[in-house]
Amino acid sequence: MRRVVITGAGVVSPLGSSPDGVWEKVSTATSGIGPLTRLKLNSGRAHVAGEVRDYAPEQHFQPKDLELLDRFAQFAIVAARAAVADARFKLTNGNSVRTGVSIGSAYGGMESYDSSYRLLYGENAQRMHPLTIPRLMHNAATSHVSMYLGAKGPSLCVSTACASSSHAIGEAFRTIQAGAADVMLAGGSDAPLTLGVLKCWEAMRVLAGAGSDARAACRPFSADREGMVISEGATVLVLEEYQEARRRDARIYAEIVGYGSTADSGHITQPTVEGPARAMQLAIQEAELCSHQVDYINAHGTGTKMNDVTETRAIHEVFKEHAGHLSVSSSKSMHGHLMGASGAMELLITVLAIQNGVAPPTANYRQPDPECDLDYTPNEKRERPIHAALSNSFAFGGLNAVLAVRRL
């Protein structure tokens, strides 16, 4: 099978809009979470979020383009442009048919849904905007990235809830491995901070409250954790066949060496230990690693009571006595849960951890939970060589994706 490396990255997130900016905040446990400002809610718990602040669409798009672009598609295009520039990769007539796009999204054009339904049901509108369907469809991000950048190769949209972008990257990895493409622009984008989405999540009783410090609302693995924080953003990575990357003397962030994809086949919202554990095992096996060769795991780590305990048990199941030697962290403690875009954001952070030889912290960790007994790198980064690492994504519906990466 052909080898696959990461040669570029672009990001739009609550932690900033460059890999260096994201790493600076993650490595110093600086939160991008805060009071929700884009909406005013009168009651409930959904008053804290990970927002992309200071984003001005008109700085990136012409007014006529914005007619067709939901916020989530805008994020994807901006991140993809930045990733291609970072990779110093030029799309040409010669390579466009060997360059594809794979973008994951849990929600698609949710702002377009929300505004259209408000007009229809709230204001009794008799007709919708004629471009509503192209704006809200899940594949809009993939389609627009391919059109804006001129990619004509295998392109797809993946929607597996919170594992969407990890699956999208995994399938892009498979596409290059199999020889169907040489380059894939892969990642995820979501913009779910709408009234409808937030009130629905609030009804599930899994959201963290703002408390006295909204920045510390998300506290994965800490005994006093209250739940998750909804966020928005996009991350796109340039995946490239290794020999092609070497031929053009590309800078290589890391190599993707394994991908595990499983289903719990259990409960729609309650995860199992077996499904996530098997996904980790598959990724490690494909990478031809022994479990003791994995140094770091960027955990799914949502901050909910059940998820954190289940993931901890799954890590113990896979790594046995080595589990206590792993550095584990949840970067969601700082950027929140970007829904379908989370996995791509977390893989970027995992790759930067390998590059910098630093295990990033789990922020806001206050007190140990007897059922969460691993080294979660509490509150402060830890310098250590990281040769191989996993990035975990476990979704509602029991759909699991794990990506294994290593230093080249």
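Start by selecting strand 4, residues 99-104, in this predicted model. Look at its two faces: Thr-99, Val-101 and Ile-103 lie on one side, while Gly-100, Ser-102 and Gly-104 lie on the other. Both faces are covered, and every one of these residues is buried. With six of its six residues buried, strand 4 is therefore largely enclosed by the rest of the structure.

**Neighbours of strand 4**

Keep strand 4 on screen and add strand 6, residues 183-190. The two strands run parallel and are joined by six bridges. To find one end of this pairing in your viewer, pick Thr-99, whose bridge partner in strand 6 is Val-183.

Now add strand 5, residues 155-158. Strand 5 also runs parallel to strand 4, with four bridges between them. Here, click on Val-101 and look across to Ser-155, its bridge partner in strand 5.

**A residue in strand 7**

Next, select Val-236, which sits in strand 7, residues 233-241. Is Val-236 buried or exposed? Its relative accessibility is 1%, so Val-236 counts as buried. Show its surroundings, leaving out residues up to four places away in sequence, and you will find contacts that include Gly-8, Ala-9 and Gly-10. Val-236 also touches Ile-103, which you met on one side of strand 4. Among its other contacts are Leu-185, Ala-186 and Gly-187, as well as Ala-76, Ala-79, Ala-80 and Ala-83. If you like, draw a C-alpha to C-alpha distance from Val-236 to Ile-77: the two are 8.9 Å apart in space, although 159 residues separate them in sequence.

**Two helix crossings**

Move on to helix 7, residues 164-177, and helix 13, residues 342-356. Their axes come within 5 Å and cross at roughly 65°, which makes helix 7 roughly perpendicular to helix 13. Show side chains for Ser-165, Ser-166 and Ile-169 of helix 7, together with Ser-342, Gly-343, Ala-344 and Leu-347 of helix 13, to see the contact. Its residues divide into three nonpolar, four polar and no charged.

For the last stop, select helix 10, residues 274-286, and helix 11, residues 305-319. The axes come within 8 Å of each other and cross at roughly 40°, so helix 10 and helix 11 are oblique to each other. Their crossing is right-handed. On the helix 10 side, the contact is made by Pro-276, Ala-277, Met-280, Gln-281 and Ile-284; helix 11 contributes Ala-314, Ile-315, Glu-317, Val-318 and Phe-319. Colour these residues by type and you will see eight nonpolar, one polar and one charged.

Notes. Residues are numbered from 1 along each chain as its sequence is written. This is a predicted model: local features need pLDDT of at least 70, side-chain atom pairs count only at pLDDT 80 or more; totals for chains, interfaces and linings use all residues. Side-chain values use heavy atoms; hydrogens and water are left out. Axes are lines fitted to C-alpha atoms, for helices over the stretch in contact, and angles run from 0 to 180 degrees between N-to-C directions. Angles under 35 degrees count as roughly parallel, over 145 as roughly antiparallel, 65 to 115 as roughly perpendicular and the rest as oblique. A crossing is left-handed if the near helix is turned anticlockwise from the far one by less than a right angle, and right-handed if clockwise. Contact means heavy atoms within 4.5 Å. Ala, Val, Leu, Ile, Met, Phe, Trp, Tyr, Cys and Pro count as nonpolar, Asp, Glu, Lys and Arg as charged, and the others, Gly among them, as polar. Buried means under 20% relative accessible area, exposed over 50%, partly exposed in between (1.4 Å probe, protein chains only). Two strands pair if DSSP finds at least two bridges between them.
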